[in-house]
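Please work through the following exercises with the sequence and the 3D view open side by side. Try each task before reading its solution.

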Amino acid sequence: MTSGESFYGGIPVFRGFTSLMDPALYAPLPDDWSIGVADIVDSTKAIAAQRYKAVNMAGAAVIAAVTNALEGREFPFVFGGDGASFAVAPGDLEPAREALAATATWVREDLDLTMRVALVPVSAIRAQGLDVRVARFGPSANLSYAMFSGGGLAFADAAMKRGEFAVPAASAGTQPDLSGLSCRFEVIPASRGLILSILVMPARGADPHAFRKVIEDIIHLVERSPDGARPVPPQGPPLKWPPQGLEYEARTRRGGPLLARRASVLAYTLFVYLIMRFDLNVGGFVPKLYRRQVVENSDFRKYDDGLRMILDCTPQLERALSDRLAIAARDGIVRYGLYQQDAAMMTCFTPSALRSDHVHFIDGARGGYASAATALKAMMA
(Lines give C-alpha, C1' and ligand atoms only; values in the text may rest on other atoms or scores of the structure.)
Protein backbone atom coordinates (compact mmCIF):
# COMPACT_ATOMS: atom_id res chain seq x y z
CA MET A 1 0.00 0.00 0.00
CA THR A 2 1.04 3.60 -0.52
CA SER A 3 1.42 5.83 2.53
CA GLY A 4 -1.91 7.42 1.60
CA GLU A 5 -3.71 4.08 1.59
CA SER A 6 -2.11 2.98 4.84
CA PHE A 7 -3.18 6.19 6.61
CA TYR A 8 -6.76 6.26 5.38
CA GLY A 9 -7.17 2.48 5.48
CA GLY A 10 -5.98 2.49 9.08
CA ILE A 11 -8.86 4.68 10.29
CA PRO A 12 -11.51 2.45 11.94
CA VAL A 13 -14.91 2.38 10.22
CA PHE A 14 -17.88 3.51 12.33
CA ARG A 15 -21.37 2.21 11.52
CA GLY A 16 -23.92 4.18 13.54
CA PHE A 17 -24.60 7.58 11.93
CA THR A 18 -25.83 8.89 15.29
CA SER A 19 -22.20 8.92 16.52
CA LEU A 20 -21.15 11.15 13.60
CA MET A 21 -20.13 14.10 15.80
CA ASP A 22 -17.87 12.12 18.15
CA PRO A 23 -14.45 13.80 17.72
CA ALA A 24 -12.69 10.55 18.62
CA LEU A 25 -13.76 9.10 15.25
CA TYR A 26 -11.77 11.71 13.31
CA ALA A 27 -8.04 11.50 12.57
CA PRO A 28 -6.03 14.57 11.49
CA LEU A 29 -4.73 14.36 7.94
CA PRO A 30 -0.93 14.31 7.63
CA ASP A 31 0.49 17.81 7.14
CA ASP A 32 1.92 17.01 3.70
CA TRP A 33 -1.45 16.02 2.19
CA SER A 34 -3.56 18.24 -0.06
CA ILE A 35 -7.28 18.97 -0.34
CA GLY A 36 -8.88 18.93 -3.77
CA VAL A 37 -12.04 20.97 -4.31
CA ALA A 38 -14.25 21.50 -7.35
CA ASP A 39 -17.57 23.16 -8.04
CA ILE A 40 -19.71 24.42 -10.88
CA VAL A 41 -19.69 28.18 -11.46
CA ASP A 42 -23.24 29.58 -11.56
CA SER A 43 -24.79 26.22 -10.70
CA THR A 44 -27.90 28.13 -9.62
CA LYS A 45 -28.41 29.30 -13.22
CA ALA A 46 -27.83 25.79 -14.56
CA ILE A 47 -30.41 24.44 -12.12
CA ALA A 48 -32.87 27.19 -13.07
CA ALA A 49 -32.46 25.90 -16.64
CA GLN A 50 -33.35 22.41 -15.30
CA ARG A 51 -29.86 21.03 -15.94
CA TYR A 52 -29.87 19.12 -12.66
CA LYS A 53 -28.45 15.93 -14.15
CA ALA A 54 -25.57 17.71 -15.89
CA VAL A 55 -24.60 19.49 -12.66
CA ASN A 56 -24.60 16.21 -10.70
CA MET A 57 -22.69 14.40 -13.44
CA ALA A 58 -19.98 17.06 -13.27
CA GLY A 59 -19.62 16.70 -9.49
CA ALA A 60 -19.47 12.90 -9.64
CA ALA A 61 -17.00 13.06 -12.55
CA VAL A 62 -14.39 14.58 -10.22
CA ILE A 63 -14.51 11.54 -7.96
CA ALA A 64 -14.52 9.07 -10.87
CA ALA A 65 -11.60 10.80 -12.61
CA VAL A 66 -9.42 10.98 -9.51
CA THR A 67 -10.24 7.38 -8.49
CA ASN A 68 -9.27 6.11 -11.94
CA ALA A 69 -6.14 8.27 -12.01
CA LEU A 70 -5.09 6.73 -8.69
CA GLU A 71 -5.74 3.26 -10.15
CA GLY A 72 -8.44 2.49 -7.62
CA ARG A 73 -6.38 3.33 -4.53
CA GLU A 74 -8.65 4.29 -1.66
CA PHE A 75 -8.75 7.97 -0.70
CA PRO A 76 -11.24 10.13 1.23
CA PHE A 77 -13.80 12.07 -0.83
CA VAL A 78 -17.25 13.59 -0.54
CA PHE A 79 -19.83 14.41 -3.23
CA GLY A 80 -21.45 17.81 -2.85
CA GLY A 81 -24.07 17.87 -5.62
CA ASP A 82 -22.56 20.59 -7.80
CA GLY A 83 -18.99 19.63 -6.92
CA ALA A 84 -16.78 17.40 -4.80
CA SER A 85 -13.96 17.51 -2.26
CA PHE A 86 -11.23 14.98 -1.52
CA ALA A 87 -7.83 14.52 0.11
CA VAL A 88 -4.70 13.00 -1.38
CA ALA A 89 -1.25 12.00 -0.16
CA PRO A 90 1.88 13.60 -1.67
CA GLY A 91 2.53 10.61 -3.92
CA ASP A 92 -0.94 10.96 -5.47
CA LEU A 93 -0.88 14.74 -5.87
CA GLU A 94 0.23 14.95 -9.51
CA PRO A 95 -2.17 12.28 -10.86
CA ALA A 96 -4.98 14.02 -8.94
CA ARG A 97 -3.94 17.40 -10.39
CA GLU A 98 -4.01 16.00 -13.94
CA ALA A 99 -7.40 14.38 -13.32
CA LEU A 100 -8.84 17.65 -11.99
CA ALA A 101 -7.50 19.64 -14.95
CA ALA A 102 -8.87 17.11 -17.44
CA THR A 103 -12.26 17.01 -15.73
CA ALA A 104 -12.57 20.80 -15.86
CA THR A 105 -11.96 20.66 -19.62
CA TRP A 106 -14.43 17.79 -20.13
CA VAL A 107 -17.12 19.59 -18.12
CA ARG A 108 -16.68 22.67 -20.31
CA GLU A 109 -16.61 20.85 -23.62
CA ASP A 110 -19.12 18.05 -23.05
CA LEU A 111 -21.50 19.44 -20.44
CA ASP A 112 -21.28 23.15 -21.38
CA LEU A 113 -20.65 24.10 -17.75
CA THR A 114 -17.73 25.89 -16.09
CA MET A 115 -15.96 24.04 -13.31
CA ARG A 116 -13.35 25.64 -11.07
CA VAL A 117 -10.86 23.32 -9.41
CA ALA A 118 -8.14 23.81 -6.80
CA LEU A 119 -5.62 21.89 -4.70
CA VAL A 120 -4.97 23.34 -1.25
CA PRO A 121 -2.11 22.11 0.97
CA VAL A 122 -3.24 20.95 4.40
CA SER A 123 -0.32 22.94 5.81
CA ALA A 124 -1.84 26.14 4.36
CA ILE A 125 -5.14 25.32 6.04
CA ARG A 126 -3.47 24.73 9.40
CA ALA A 127 -1.62 28.03 9.02
CA GLN A 128 -5.08 29.63 9.25
CA GLY A 129 -5.74 27.94 12.61
CA LEU A 130 -8.09 25.37 11.04
CA ASP A 131 -7.75 21.62 10.62
CA VAL A 132 -8.77 18.75 8.36
CA ARG A 133 -9.79 15.58 10.17
CA VAL A 134 -11.29 12.56 8.49
CA ALA A 135 -13.48 9.65 9.62
CA ARG A 136 -14.77 6.59 7.74
CA PHE A 137 -18.50 5.89 7.84
CA GLY A 138 -19.73 2.47 6.78
CA PRO A 139 -23.38 2.65 5.63
CA SER A 140 -23.19 -1.11 5.00
CA ALA A 141 -20.70 -3.96 5.09
CA ASN A 142 -19.94 -3.21 1.42
CA LEU A 143 -18.03 0.03 1.65
CA SER A 144 -17.13 3.10 3.66
CA TYR A 145 -16.89 6.74 2.68
CA ALA A 146 -15.30 9.78 4.24
CA MET A 147 -16.57 12.39 6.67
CA PHE A 148 -14.55 15.58 7.24
CA SER A 149 -14.36 17.97 10.20
CA GLY A 150 -12.12 20.80 11.42
CA GLY A 151 -13.20 23.64 9.13
CA GLY A 152 -10.51 22.94 6.54
CA LEU A 153 -12.78 21.86 3.69
CA ALA A 154 -14.92 24.97 4.10
CA PHE A 155 -11.74 27.11 3.99
CA ALA A 156 -10.49 25.29 0.87
CA ASP A 157 -13.83 25.81 -0.87
CA ALA A 158 -13.87 29.53 -0.04
CA ALA A 159 -10.24 29.91 -1.17
CA MET A 160 -11.05 28.22 -4.49
CA LYS A 161 -13.94 30.63 -5.04
CA ARG A 162 -11.54 33.53 -4.44
CA GLY A 163 -9.29 32.15 -7.19
CA GLU A 164 -6.57 30.85 -4.85
CA PHE A 165 -4.69 27.54 -5.31
CA ALA A 166 -6.36 27.17 -8.74
CA VAL A 167 -5.59 24.24 -11.03
CA PRO A 168 -5.72 25.42 -14.68
CA ALA A 169 -7.94 23.40 -17.01
CA ALA A 170 -6.16 20.99 -19.35
CA SER A 171 -5.74 21.74 -23.04
CA ALA A 172 -8.76 21.46 -25.32
CA GLY A 173 -9.80 17.91 -26.15
CA THR A 174 -8.28 16.38 -23.00
CA GLN A 175 -10.64 13.81 -21.55
CA PRO A 176 -10.33 12.22 -18.10
CA ASP A 177 -10.81 8.51 -17.53
CA LEU A 178 -14.44 8.36 -16.37
CA SER A 179 -14.80 4.57 -16.54
CA GLY A 180 -17.55 3.37 -14.22
CA LEU A 181 -19.45 6.66 -14.15
CA SER A 182 -23.10 6.34 -15.21
CA CYS A 183 -26.59 7.70 -14.61
CA ARG A 184 -28.90 4.94 -15.84
CA PHE A 185 -31.55 5.05 -13.14
CA GLU A 186 -34.64 7.24 -13.41
CA VAL A 187 -35.47 9.88 -10.82
CA ILE A 188 -36.82 8.46 -7.55
CA PRO A 189 -40.25 9.89 -6.62
CA ALA A 190 -40.90 10.75 -2.97
CA SER A 191 -42.88 8.02 -1.23
CA ARG A 192 -43.48 9.76 2.11
CA GLY A 193 -44.49 13.20 0.92
CA LEU A 194 -41.41 15.11 -0.22
CA ILE A 195 -37.68 14.95 -0.88
CA LEU A 196 -35.89 17.37 1.43
CA SER A 197 -32.35 18.64 0.79
CA ILE A 198 -30.65 19.75 4.01
CA LEU A 199 -27.43 21.69 4.47
CA VAL A 200 -26.40 22.74 8.00
CA MET A 201 -23.18 24.66 8.73
CA PRO A 202 -21.88 26.19 11.97
CA ALA A 203 -22.48 29.91 12.35
CA ARG A 204 -19.39 32.08 12.64
CA GLY A 205 -18.08 31.87 16.22
CA ALA A 206 -20.63 29.22 17.21
CA ASP A 207 -19.88 27.11 20.28
CA PRO A 208 -18.72 23.68 18.99
CA HIS A 209 -20.60 21.82 21.72
CA ALA A 210 -23.83 23.65 20.92
CA PHE A 211 -23.37 22.92 17.20
CA ARG A 212 -22.74 19.25 17.94
CA LYS A 213 -25.96 19.11 19.97
CA VAL A 214 -27.99 20.58 17.10
CA ILE A 215 -26.56 18.07 14.59
CA GLU A 216 -27.24 15.19 16.96
CA ASP A 217 -30.81 16.42 17.48
CA ILE A 218 -31.36 16.52 13.71
CA ILE A 219 -29.94 13.02 13.25
CA HIS A 220 -32.10 11.62 16.05
CA LEU A 221 -35.23 13.16 14.51
CA VAL A 222 -34.37 11.50 11.20
CA GLU A 223 -33.42 8.15 12.72
CA ARG A 224 -36.85 7.87 14.31
CA SER A 225 -38.52 8.07 10.89
CA PRO A 226 -39.10 4.93 8.74
CA ASP A 227 -35.86 3.59 7.24
CA GLY A 228 -34.06 6.73 8.43
CA ALA A 229 -35.84 8.63 5.63
CA ARG A 230 -33.63 6.92 3.01
CA PRO A 231 -34.74 8.22 -0.41
CA VAL A 232 -33.88 5.00 -2.29
CA PRO A 233 -36.71 2.42 -2.07
CA PRO A 234 -35.90 -1.15 -0.91
CA GLN A 235 -36.27 -2.49 -4.44
CA GLY A 236 -33.86 0.09 -5.80
CA PRO A 237 -34.46 3.08 -8.10
CA PRO A 238 -36.63 2.82 -11.24
CA LEU A 239 -34.84 1.57 -14.35
CA LYS A 240 -36.09 2.16 -17.90
CA TRP A 241 -34.71 1.88 -21.40
CA PRO A 242 -33.40 3.92 -23.05
CA PRO A 243 -32.02 5.48 -19.87
CA GLN A 244 -32.57 9.12 -19.07
CA GLY A 245 -28.82 9.66 -18.75
CA LEU A 246 -27.91 8.14 -22.12
CA GLU A 247 -26.34 11.31 -23.54
CA TYR A 248 -24.21 11.98 -20.46
CA GLU A 249 -22.94 8.41 -20.30
CA ALA A 250 -22.04 8.49 -24.01
CA ARG A 251 -19.97 11.61 -23.36
CA THR A 252 -18.00 9.88 -20.59
CA ARG A 253 -16.69 7.35 -23.11
CA ARG A 254 -13.31 7.92 -24.68
CA GLY A 255 -12.50 7.70 -28.38
CA GLY A 256 -14.54 7.63 -31.56
CA PRO A 257 -17.33 9.87 -32.81
CA LEU A 258 -20.12 10.75 -30.39
CA LEU A 259 -22.70 8.99 -32.56
CA ALA A 260 -20.81 5.70 -32.25
CA ARG A 261 -20.49 6.17 -28.50
CA ARG A 262 -24.25 6.77 -28.22
CA ALA A 263 -24.94 3.58 -30.16
CA SER A 264 -22.55 1.63 -27.93
CA VAL A 265 -24.21 2.93 -24.75
CA LEU A 266 -27.68 2.19 -26.18
CA ALA A 267 -26.71 -1.42 -26.89
CA TYR A 268 -24.98 -1.96 -23.56
CA THR A 269 -27.74 -0.38 -21.48
CA LEU A 270 -30.35 -2.52 -23.28
CA PHE A 271 -28.33 -5.59 -22.27
CA VAL A 272 -28.18 -4.35 -18.66
CA TYR A 273 -31.88 -3.44 -18.65
CA LEU A 274 -32.90 -6.95 -19.78
CA ILE A 275 -30.69 -8.57 -17.17
CA MET A 276 -32.16 -6.40 -14.42
CA ARG A 277 -35.74 -6.59 -15.71
CA PHE A 278 -35.80 -10.39 -15.82
CA ASP A 279 -33.43 -11.04 -12.88
CA LEU A 280 -30.94 -12.96 -15.01
CA ASN A 281 -27.74 -14.06 -13.28
CA VAL A 282 -24.94 -13.50 -15.79
CA GLY A 283 -21.23 -14.22 -15.28
CA GLY A 284 -21.34 -13.85 -11.51
CA PHE A 285 -23.60 -10.78 -11.62
CA VAL A 286 -26.72 -11.25 -9.46
CA PRO A 287 -29.32 -8.50 -10.07
CA LYS A 288 -31.08 -8.92 -6.71
CA LEU A 289 -27.79 -8.62 -4.84
CA TYR A 290 -26.74 -5.59 -6.90
CA ARG A 291 -30.06 -3.83 -6.24
CA ARG A 292 -29.67 -4.38 -2.51
CA GLN A 293 -26.13 -3.00 -2.63
CA VAL A 294 -27.32 0.05 -4.59
CA VAL A 295 -29.77 0.82 -1.77
CA GLU A 296 -27.21 0.20 0.98
CA ASN A 297 -24.40 2.11 -0.76
CA SER A 298 -26.31 5.33 -1.42
CA ASP A 299 -24.67 8.38 0.17
CA PHE A 300 -27.84 10.23 1.18
CA ARG A 301 -26.26 11.58 4.37
CA LYS A 302 -22.75 12.83 5.01
CA TYR A 303 -20.64 15.38 6.88
CA ASP A 304 -17.99 17.71 5.43
CA ASP A 305 -17.67 20.55 7.95
CA GLY A 306 -21.45 20.60 7.82
CA LEU A 307 -24.32 18.14 7.63
CA ARG A 308 -25.70 17.22 4.20
CA MET A 309 -28.79 15.04 3.80
CA ILE A 310 -31.26 14.11 1.08
CA LEU A 311 -34.33 12.73 2.83
CA ASP A 312 -37.60 11.18 1.74
CA CYS A 313 -39.76 12.50 4.54
CA THR A 314 -43.24 13.44 5.68
CA PRO A 315 -44.33 17.08 5.95
CA GLN A 316 -44.41 16.52 9.72
CA LEU A 317 -40.73 15.54 9.83
CA GLU A 318 -39.85 18.49 7.60
CA ARG A 319 -41.59 20.84 10.03
CA ALA A 320 -39.83 19.28 13.03
CA LEU A 321 -36.43 19.66 11.35
CA SER A 322 -37.20 23.19 10.20
CA ASP A 323 -38.35 24.23 13.67
CA ARG A 324 -35.23 22.83 15.35
CA LEU A 325 -32.93 24.53 12.86
CA ALA A 326 -34.77 27.86 13.06
CA ILE A 327 -34.27 27.91 16.85
CA ALA A 328 -30.57 27.06 16.44
CA ALA A 329 -30.14 29.80 13.82
CA ARG A 330 -31.87 32.34 16.06
CA ASP A 331 -29.45 31.37 18.83
CA GLY A 332 -26.46 31.97 16.54
CA ILE A 333 -25.44 28.31 16.38
CA VAL A 334 -26.10 27.31 12.76
CA ARG A 335 -26.64 28.55 9.25
CA TYR A 336 -28.83 26.25 7.20
CA GLY A 337 -30.66 25.74 3.94
CA LEU A 338 -33.65 23.51 3.22
CA TYR A 339 -35.10 22.77 -0.20
CA GLN A 340 -38.20 20.72 -0.99
CA GLN A 341 -38.78 18.79 -4.21
CA ASP A 342 -40.80 15.80 -5.38
CA ALA A 343 -37.99 13.40 -6.32
CA ALA A 344 -34.37 12.40 -5.75
CA MET A 345 -31.82 11.34 -8.34
CA MET A 346 -28.81 9.06 -8.38
CA THR A 347 -25.48 9.21 -10.20
CA CYS A 348 -23.47 6.00 -9.99
CA PHE A 349 -19.79 5.15 -9.86
CA THR A 350 -19.39 1.43 -10.44
CA PRO A 351 -15.80 0.47 -11.32
CA SER A 352 -16.94 -3.17 -11.30
CA ALA A 353 -20.50 -4.50 -11.01
CA LEU A 354 -19.04 -7.71 -9.59
CA ARG A 355 -17.62 -5.93 -6.53
CA SER A 356 -19.73 -4.70 -3.64
CA ASP A 357 -18.05 -1.31 -3.15
CA HIS A 358 -19.80 0.65 -5.92
CA VAL A 359 -21.02 4.01 -4.62
CA HIS A 360 -24.21 5.88 -5.55
CA PHE A 361 -24.38 9.66 -5.18
CA ILE A 362 -27.78 11.01 -4.15
CA ASP A 363 -29.11 14.53 -4.69
CA GLY A 364 -32.49 16.16 -4.98
CA ALA A 365 -33.86 15.91 -8.53
CA ARG A 366 -35.09 19.51 -8.77
CA GLY A 367 -32.25 21.54 -7.30
CA GLY A 368 -30.96 19.52 -4.37
CA TYR A 369 -27.87 20.59 -2.48
CA ALA A 370 -27.20 23.59 -4.73
CA SER A 371 -30.65 25.04 -3.99
CA ALA A 372 -30.22 24.33 -0.27
CA ALA A 373 -26.89 26.21 -0.46
CA THR A 374 -28.67 29.15 -2.11
CA ALA A 375 -31.17 29.19 0.77
CA LEU A 376 -28.29 29.10 3.24
CA LYS A 377 -26.58 32.07 1.54
CA ALA A 378 -29.85 34.01 1.59
CA MET A 379 -29.97 33.51 5.37
CA MET A 380 -26.53 35.13 5.68
CA ALA A 381 -27.46 38.16 3.56
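The exercises below deal with two sheets, the helices that pack on them, and two single residues.

The model is predicted, so local features need pLDDT of at least 70 and side-chain atom pairs count only at pLDDT 80 or more, whereas totals for chains, interfaces and linings use all residues. Residues are numbered from 1 along each chain as its sequence is written, and side-chain values use heavy atoms, with hydrogens and water left out.

**Exercise 1.** Determine the strand order of the open sheet that contains β11, and state which helices pack on this sheet.

Solution. Begin with the terms: strands (E, at least two residues) and helices (H or I, at least four residues) are DSSP runs numbered from the N terminus, and two strands pair if DSSP finds at least two bridges between them. With antiparallel pairing, the 4 strands follow the order β12-β13-β11-β14. The edges are formed by β12 (301–303) and β14 (334–341), each of which pairs on one side only. On average, and with direction ignored, neighbouring strands of this sheet are turned by 15° against each other.

Next, look at one pair within the sheet: β11 (residues 194–202) and β13 (residues 307–313) run antiparallel and are joined by 7 bridges, and serine 197 stands opposite isoleucine 310 of β13.

Finally, add the helices, taking contact to mean heavy atoms within 4.5 Å, and taking axes as lines fitted to C-alpha atoms (for helices over the stretch in contact), with angles from 0 to 180 degrees between N-to-C directions. Helix α7 (residues 208–223) touches β11, β12, β13 and β14, and its direction makes about 20° with that of β13. Helix α11 (residues 315–330) lies across β11, β13 and β14 and runs at about 160° to β14.

**Exercise 2.** Describe the open sheet that contains β3, and identify its edge strands.

Solution. This sheet has 4 strands in the order β4-β5-β3-β6, again with antiparallel pairing, and its edge strands are β4 (77–79) and β6 (115–121). Between β3 (residues 34–40) and β5 (residues 83–88) there are 6 bridges in the antiparallel sense, and aspartate 39 has glycine 83 in β5 as its bridge partner. Helix α4 packs on the sheet, where α4 touches β3, β5 and β6 and makes about 165° with the direction of β6.

**Exercise 3.** Analyse how α3 and α4 pack against each other.

Solution. First take the geometry: α3 (residues 52–69) and α4 (residues 93–111) pack at about 150°, with their axes 9 Å apart. That makes the two helices roughly antiparallel, a term for angles over 145 degrees.

Then take the residues: on the α3 side they include Ala54, Met57 and Val62, and on the α4 side Leu100, Thr103 and Trp106 are among them. By class, the contact has 15 nonpolar, 1 polar and no charged residues.

**Exercise 4.** Decide whether alanine 166 and arginine 301 are buried or exposed, and list their contacts.

Solution. Buried means under 20% relative accessible area, exposed over 50%, and partly exposed in between (1.4 Å probe, protein chains only). Alanine 166, in the loop between α6 (152–161) and β9 (181–182), counts as exposed because its relative accessibility is 52%. Leaving aside neighbours within four places in sequence, alanine 166 is in contact with Val117 and Ala118.

Arginine 301 lies in strand β12 and is buried, with a relative accessible area of 12%. Not counting residues up to four places away in sequence, arginine 301 touches Phe17, Phe137, Tyr145, Met147, Glu223, Arg308 and Met309.

Conventions:
Angles under 35 degrees count as roughly parallel, over 145 as roughly antiparallel, 65 to 115 as roughly perpendicular and the rest as oblique. Ala, Val, Leu, Ile, Met, Phe, Trp, Tyr, Cys and Pro count as nonpolar, Asp, Glu, Lys and Arg as charged, and the others, Gly among them, as polar.
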